[in-house]
Amino acid sequence: MELERLLRSQGFGSRPDCRALVRQGRISIGGEVCEDPYAEFDPAGLEFIVDGVSWLYRDKVYLALHKPGGYECSHQVRHHPSVYELLPKPLLTRDVQSVGRLDEDTTGLLLFSDDGQFIHTYTSPKKHVTKLYRVTTKHRVDARQIAELLAGVQLHDEPAPIAAAACAQTGEYELALTVTEGKYHLVKRMIAAVSNRVEALHRSAIGGLTLPADLLIGQWRFLDAGQISALAGRG
Ligand code: URA
């Protein structure tokens with residue numbers, strides 16, 4: 001693939017922008033600056049450096065962000081900064097989208113991709129992908145609340161009760177709650193339905209993929225093939 005076209009596919013701007021990047025000597029491959037925008041490279045596994053930052057050619061991108069509180073999962077934010085501000089420009093140019101959304105005040109694992117099929121798979125209610133949340137509550141957790149969450153709670157505007165796939169008390173004011181749906185404010189509404197209230201909410205895992213312990217708050221990272229296949233496993 002021509003270098004100019006390759007850079008364009010990876011989100012480094014229009015073809016003229018990419019041509020200029022190359023001609024300005026800002027691209028290195030295999031330890032050498034490449035100033036020919038029409039030089040041919042095999043993209044598979046290609047590592048290239050743009051302005052000193054190393055990138056790997058990727059046909060599609062899959063990434064995990066450790067979402068901080070105080071960020072909205074939207075391009076049209078209303079009151080807070082956007083999670084998209086935490087990602088580098090080439091990924092935004094590639095039009096990565098979040099896989100579902102977390103509330104502004106929810107923290108934890110949030111996925112992004114530019115692969116429409118992948119986004120569909122992991123947001124479709126039919127797939128029953130598990131999502132594990134650490135819920136900090138306002139009032140004490142008790143056995144009745146857990147039993148009700150496991151049996152299913154009737155929420156306003158929902159045709160049928162929604163049950164937690166798993167629920168365990170992890171502290172006096174803390175629950176580990178697994179749900180398989182992605183409805184608006186689902187966890188907050190379920191907890192309210194058992195007469196408690198969410199004080200803090202953190203998503204720890206999606207399917208079999210746990211938020212990496214070394215992915216610090218506000219940081220993102222590409223998922224490797226093992227992590228992508230872990231997603232399909234049960235949490
Ligand atoms: N449920 C909620 O109530 N909020 C989230 O951000 C995610 C799940």
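I take a residue as buried when its relative accessible area is under 20%, and I keep in mind throughout that the model I am reading is predicted.

**Entry: the aromatic pairs.** I looked up how the aromatic rings pair with one another, and the count came to six aromatic pairs. I began with F12 and F48, whose ring centres are 6.0 Å apart and whose planes stand at 80°, so I noted this pair as edge-to-face. The two residues come from distant parts of the chain, 36 residues apart: F12 lies in the loop between α1 (3-9) and α2 (15-23), while F48 belongs to strand β3 (residues 47-50). When I checked their exposure, I found F12 buried and F48 buried as well.

**Entry: a pair within a helix.** I then turned to F118 and Y122, an aromatic pair that is tilted, with 4.9 Å from centre to centre and 50° between the planes. Why are F118 and Y122 separated by about one helical turn? I wrote down that they are four residues apart in helix α4 (residues 116-123), and therefore about one helical turn separates them. F118 has a relative accessible area of 7%, so I recorded it as buried, and Y122, with a relative accessible area of 12%, is buried too.

**Entry: a cluster and a charge.** Returning to F12 and F48, I saw that they form one aromatic cluster together with W55. Last, I asked myself which ring the charged end of R58 sits over. I found that this charged end is placed over the ring of F222, at 3.7 Å from the centre of that ring.

Definitions and conventions. Residues are numbered from 1 along each chain as its sequence is written. This is a predicted model: local features need pLDDT of at least 70, side-chain atom pairs count only at pLDDT 80 or more; totals for chains, interfaces and linings use all residues. Side-chain values use heavy atoms; hydrogens and water are left out. Rings of Phe, Tyr and Trp (its six-membered ring) pair if their centres lie within 6.5 Å; planes under 30 degrees apart count as stacked, over 60 as edge-to-face and the rest as tilted. Buried means under 20% relative accessible area, exposed over 50%, partly exposed in between (1.4 Å probe, protein chains only). A charge sits over a ring if NZ of Lys or CZ of Arg is within 6 Å of the ring centre and within 35 degrees of the ring normal.
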